[in-house]
Amino acid sequence: MPKLNENYLNVKDSYLFAEIARRVNEYAAAHPEQKIIRLGIGDVTRPLAPNVIASLHEGVDAMGSSETFMGYGPEQGYAFLRDAISAYYKSYGVDVDPSEIFISDGAKSDTGNITEMFDADNTILVPDPVYPVYVDTNIMSGKNITYMSGNADNAFLPMPDPNVHADVIYLCSPNNPTGAVYNKAQLKEWVDYALREHAVLLFDAAYEAFITDPELPRSIFAIEGAKECAIEFCSLSKTAGFTGTRCGYTVVPKALTFPAANGTEMSLHAMWNRRQSTKFNGTSYIIQKGAAAVFTPEGLAQCKENIAYYQENARIIAQTLQKHGVRFFGGVHSPYIWFECPQQMDSWDFFDKMLHEIQVVGTPGAGFGENGKYFFRLTAFGDRENTIEAMARMETIL
């Protein structure tokens, strides 16, 4: 009889979005005549940029000829894409060497898989509320999690506590689910804390493309000292609509080294390279061709048009909440709007109220942690007409 990983017993039975899907599917089956508007899961609705589509076709065509056919590629990603991403960083003043960039199928996979680099005997610091993957993947591997409180008083931007030790720290900015964004001074405090604690800062920058204020950092590597303590995860899911196409990248600086128990110096860059080379055959050549097109001048301009579309949706949602005096966070520099449930309703109760009374689906804040119990998340990734209609419906219950 095998001994199973019993840490899975400590993971909630139903992943947040699976539970949402279950409730929505049950309602839809019982009320097939109702039009349900989904503003819950952060899935995009705009099509891929024309420049990306053209490059994907080039990639497909290349596979049809023996002269241009591509088989196994480098597990770290093709040089043409790593170079393009490095140049993209440089365009907003951040220097990242292409050799420190690893191409993957998305930030979700990498933020979960990175836990393999760290022993179970580590203190993992995560914010509450938090993207569930950070928590669940660490529970699955038996790690000790400490929570830091994000709340309305600190604008859902928790800061380091000098009395709390951490070995690994998760941060997301712009934040999922709250939409909150750290400024440079705040991130400098986190970098200084990580250096002081000899900790690793895992920085999720999946929504960096939504930042429009040049004073707000789009990368942790815009902060002095970050290359000595931080790993950055990013994704084309929201930047370029790759939720169904799947492509992301992780930056692991070569300066990240720590001593093993026997005194041997271990490199997180080398460890991640070994892990990817062992367990991952690399992202599809066709997908990487499309991804590289994102970072051309034409591709960036086309992707920015889609982002602007979602930003206008966020403005429409925020305007509705403002009109009714509902306190909210995010919606600027972020596709997420995080608001207080009316009459201090529990967020799952409010979820059911919205589904059953106005047929609009959002995400209950309780699914992101204890501090989300009375908050609710809407996304700006819907169709414009549906977003407008959803807000008209919401006005009847706010």
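Two strands count as paired when DSSP finds at least two bridges between them. With that in hand, let's explore this predicted model.

**Exercise 1.** Work out which strands pair with β12, and in which sense.

*Solution.* Start with β11 (residues 328-330): three bridges connect this strand to β12, in the antiparallel sense. One of the contacts to look up is Phe328, whose bridge partner in β12 is Phe339. Between the two strands of this hairpin lie five residues, and Gly331 has a positive phi near 85°. Now turn to β15 (residues 375-379), which runs antiparallel to β12 and is joined to β12 by five bridges. Here Glu340 has Phe375 as its bridge partner in β15.

**Exercise 2.** Decide whether β12 is largely enclosed or not, and sort its side chains by direction.

*Solution.* Recall first that side chains in a regular strand alternate between the two faces of the sheet. In β12, Tyr336, Trp338 and Glu340 point one way, while Ile337 and Phe339 point the other way. Next, apply the cut-off for buried, under 20% relative accessible area. Five of the five residues of β12 are buried, so the strand is largely enclosed by the rest of the structure.

**Exercise 3.** Find the salt-bridge partner of Glu340 and say what the pair ties together.

*Solution.* The side chain of Glu340 meets that of Arg327 in a salt bridge, at 3.0 Å from N to O. Arg327 sits in the loop between α10 and β11 and Glu340 in β12, so the pair ties together parts 13 residues apart in sequence. Finally, compare burial: Glu340 is buried, whereas Arg327, at a relative accessible area of 41%, is partly exposed.

Notes
Residues numbered from 1 in each chain as written. Predicted model: local features only at pLDDT ≥ 70, side-chain atom pairs only at ≥ 80, totals over all residues. Heavy atoms only, no water. Buried < 20%, exposed > 50% of the residue type's maximum accessible area, 1.4 Å probe, protein only. Helix = DSSP H or I, 4+ residues; strand = E, 2+ residues; numbered from the N terminus. Salt bridge = Lys/Arg side-chain N within 4 Å of Asp/Glu carboxyl O.
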